[in-house]
Amino acid sequence: AEGWLGLAGGDGKSGDSVALIVDNREYQFTVPAGLSVSKGDIVYVTVATVTGHYPDDEAYGTSAGEGKIAFFKATADKTADNIVTGIMLAHNALLS
């Protein structure tokens, strides 16, 4: 939203305004089944691969590069149901 990558602070209908959360709290993120994530990994999102309101599966990765934003750092290994607990980093990259 307006150059920030974060989490919606609530749900709303089309055209509604919702808060965007961009802090350092720990969250649980759902990642693609094919993405291997271990504790300590940084998960990146390729912004050009985001369509709509959610990153496409192809947008996620664990390597830095051109057009990628560090989304979160894993504080636990990915679970069998594709959940990773981590601390959001997205806003740090945008502030520097």
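Tyr27 has a relative accessibility of 16%, under the 20% limit, so Tyr27 counts as buried. This is a predicted model. The points below follow Tyr27 into a cluster of aromatic rings, then turn to the sheet and to one loop residue. Ring pairs join Tyr27, Phe29, Phe71 and Phe72 into that cluster.

**Aromatic cluster**

- Searching the whole structure gives 4 aromatic pairs.
- One of them is Tyr27 with Phe29, an edge-to-face pair with 6.2 Å from centre to centre and 65 degrees between the planes.
- Phe29 is buried as well, because its relative accessible area of 4% is under 20%.
- Phe29 also pairs edge-to-face with Phe71, at 5.0 Å centre to centre and with 65 degrees between the planes.
- Phe29 belongs to strand S3 and Phe71 to strand S8, so this pair ties together parts that lie 42 residues apart in sequence.
- Both partners in the pair, Phe29 and Phe71, are buried.

**Sheet order and edges**

- The sheet is open and has 5 strands, in the order S3-S9-S8-S4-S7, with antiparallel pairing.
- Strand S3 (26-30) and strand S7 (60-61) are the edges; each has a single partner strand, so one side of each has no neighbour in the sheet.
- In general, the strands of a sheet pair through backbone hydrogen bonds, in either a parallel or an antiparallel way.

**Strand S9 and its partners**

- Strand S9 covers residues 83-88 and is joined to S3 by 5 bridges, the two strands running antiparallel.
- Phe29, a member of the ring cluster, has Val84 as its bridge partner in S9.
- Glu26 has Ile87 as its bridge partner in S9.
- Strand S8 (residues 68-74) is joined to S9 by 3 bridges, and these two strands also run antiparallel.
- Ile87 is the bridge partner in S9 of Lys73, as well as of Glu26.

**The loop between S8 and S9**

- Which residue in the loop between S8 and S9 deserves a note on its backbone? Asn82 lies in this loop.
- The phi of Asn82 is near 65 degrees, which is a positive value in a residue other than glycine.
- Most residues other than glycine have a negative phi.

**Points to keep in view**

- Phe29 takes part in ring pairs with Tyr27 and with Phe71, and its backbone is bridged to Val84 in S9.
- In the sheet order, S9 stands between S3 and S8, with 5 bridges to S3 and 3 bridges to S8.

Methods: Residues numbered from 1 in each chain as written. Predicted model: local features only at pLDDT ≥ 70, side-chain atom pairs only at ≥ 80, totals over all residues. Heavy atoms only, no water. Pairing = 2+ DSSP bridges. Helix = DSSP H or I, 4+ residues; strand = E, 2+ residues; numbered from the N terminus. Phe/Tyr/Trp six-rings, centres within 6.5 Å; stacked < 30°, edge-to-face > 60°. Buried < 20%, exposed > 50% of the residue type's maximum accessible area, 1.4 Å probe, protein only.
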